Amino acid sequence: MTDNNRYNLRGVSAQKEDVHRAIQKLDKGLYPNAFCKIYPDFWGNDEAYCNLMHADGAGTKSSLAYLYWKETGDLSVWKGIAIDSIVMNIDDLLCVGATGPFTYSSTIGRNKNLIPGEVISEIINGTQSYFDKLKEYGIDVMLMGGETADVGDLVRTVIVDGTMACRMRRDKLVTTEKMVPGDVVVSLASYGQATYEEEYNSGMGSNGLTSARHELLKKEYKTKYPESVDPNLPDEVVYNGTYGLQDATETPLNVGKMILSPTRTYAPVVLKVLQQHFDKIHGIIHCSGGGQSKVLHYLPQPLRVVKDNLLPVPPLFTMIQKSAGTDWREMYQVFNMGQRLEIYTDKETAASIVEISKSFGIDAVISGHVEAAEQKEVVIESPYGRFIYH
């Protein structure tokens, strides 16, 4: 069975082509090549400012948190889901230079019969405690409330989403319009332990969780927790791995905690980078959906991005590849593969960015460069092959 067939049978897609088609006629905002949609300053009506709003969430990672909580009684995984929802918003906004202050509103849909108040409390209180942690590093986020809905007819367990907004000066925006041949790419690690993280991070993020969970975990979870999966899915794509949630790994985390590692934010790093090098930053890309090919959607003109010195692939992704037998080309397109943020700049500035990142305990490398080309493309030179994306 091909990887695309697996994705389709599970009700997901690697590139969300139908979503892109659905929105292709919508207004692209003030800066069409920006990573997030940028609006005029509707409230202040000041042409020097703009408004940004972004909505995202933890996705199917919450289903895995449900499994782990039911198996172990460990409520702390729900704080991780709150963090996932926050970071998938804030790190997209970082890519246009937004560093706050932000407002945030959470949206939680639960099956009340399965998700009790103690779980909701852990998610909401985990949200506020994470904002308290970010404030220590100069990132201000105000929790504005939100909605918790009992929608058991629609949701099997729980879904955790959020919306983040801010107002900022237009002359502080980062878009990819300045990207040119000769620029280099700085890739920041998604794994390890940053100075502001409580434990080792596997690098999972919040993309590809449907694939990761079903390819790694044992079939027994389908029988034990049928509510964690669509009952209409073919048996051959449901929990067809070999691991138990509490199996040990070569990392400090067990299998369940590896996949549940809270998505790392790069906000403290980007804040410092922009404070020191704003004028030299030609683009910031959050390698979430689309993995290492993500930048394709934001190239301002026909350019070739060659990544020939990426960081080593951490254990989690080699486990997924081995368990699923997924083609490596597809792995680099679905998962971040160990680096979830990349910054485009000149060589001298790149060296400084690497040092800034490492000062936060996050490994980083000059992973590639930008070339002139006849069409937009990304080239990955990896230990597992050479892959080209258009």
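This report walks through the aromatic pairs, two charge-over-ring contacts, a helix and a loop residue in a predicted model.

**Aromatic pairs**

Let's start with the rings. Searching the whole structure turns up 13 aromatic pairs. One of them brings together Trp69 and Trp78, and it counts as edge-to-face because the planes sit at 70° with the ring centres 6.1 Å apart; the cut-off for that label is over 60 degrees. Both tryptophans are buried. They also belong to a bigger group: Tyr66 and Tyr225 join Trp69 and Trp78 in one aromatic cluster.

Another edge-to-face pair is made by Tyr104 and Phe131, with 5.5 Å from centre to centre and 80° between the planes. This one ties together distant parts of the chain, since Tyr104 belongs to strand β3 (residues 102-110) and Phe131 to helix α5 (residues 117-135), with the two positions 27 residues apart in sequence. Tyr104 is buried at a relative accessible area of 2%, and Phe131 is buried as well, also at 2%.

**Charges over rings**

Which residues lie over the faces of Tyr49 and Phe278? Here they are, with the distance to the ring centre.

| Charged residue | Ring | Distance to ring centre |
|---|---|---|
| Arg167 | Tyr49 | 4.0 Å |
| Lys172 | Phe278 | 5.3 Å |

So much for the rings; on to a helix.

**Helix α10**

How many of the 10 residues of helix α10 (residues 315-324) are buried? Seven are, so the helix is largely enclosed by the rest of the structure. The buried ones are Pro315, Leu316, Phe317, Met319, Ile320, Gln321 and Ala324. As a reminder, an α-helix has 3.6 residues a turn, so residues three or four places apart point the same way. Right after α10 comes Gly325, which takes a positive phi of about 70°.

**A loop residue**

Last stop: Val237. Where does Val237 sit along the chain? It's in the loop between α7 (220-224) and α8 (255-260). Despite that loop position, Val237 has a relative accessibility of 0%, so it counts as buried; the cut-off for that is under 20%. Val237 can also be placed relative to Ser211: the two are 26 residues apart in sequence, and their C-alpha atoms are 9.0 Å apart in space.

Note on methods. Residues are numbered from 1 along each chain as its sequence is written. This is a predicted model: local features need pLDDT of at least 70, side-chain atom pairs count only at pLDDT 80 or more; totals for chains, interfaces and linings use all residues. Side-chain values use heavy atoms; hydrogens and water are left out. Helices (H or I, at least four residues) and strands (E, at least two) are DSSP runs, numbered from the N terminus. Buried means under 20% relative accessible area, exposed over 50%, partly exposed in between (1.4 Å probe, protein chains only). Rings of Phe, Tyr and Trp (its six-membered ring) pair if their centres lie within 6.5 Å; planes under 30 degrees apart count as stacked, over 60 as edge-to-face and the rest as tilted. A charge sits over a ring if NZ of Lys or CZ of Arg is within 6 Å of the ring centre and within 35 degrees of the ring normal.
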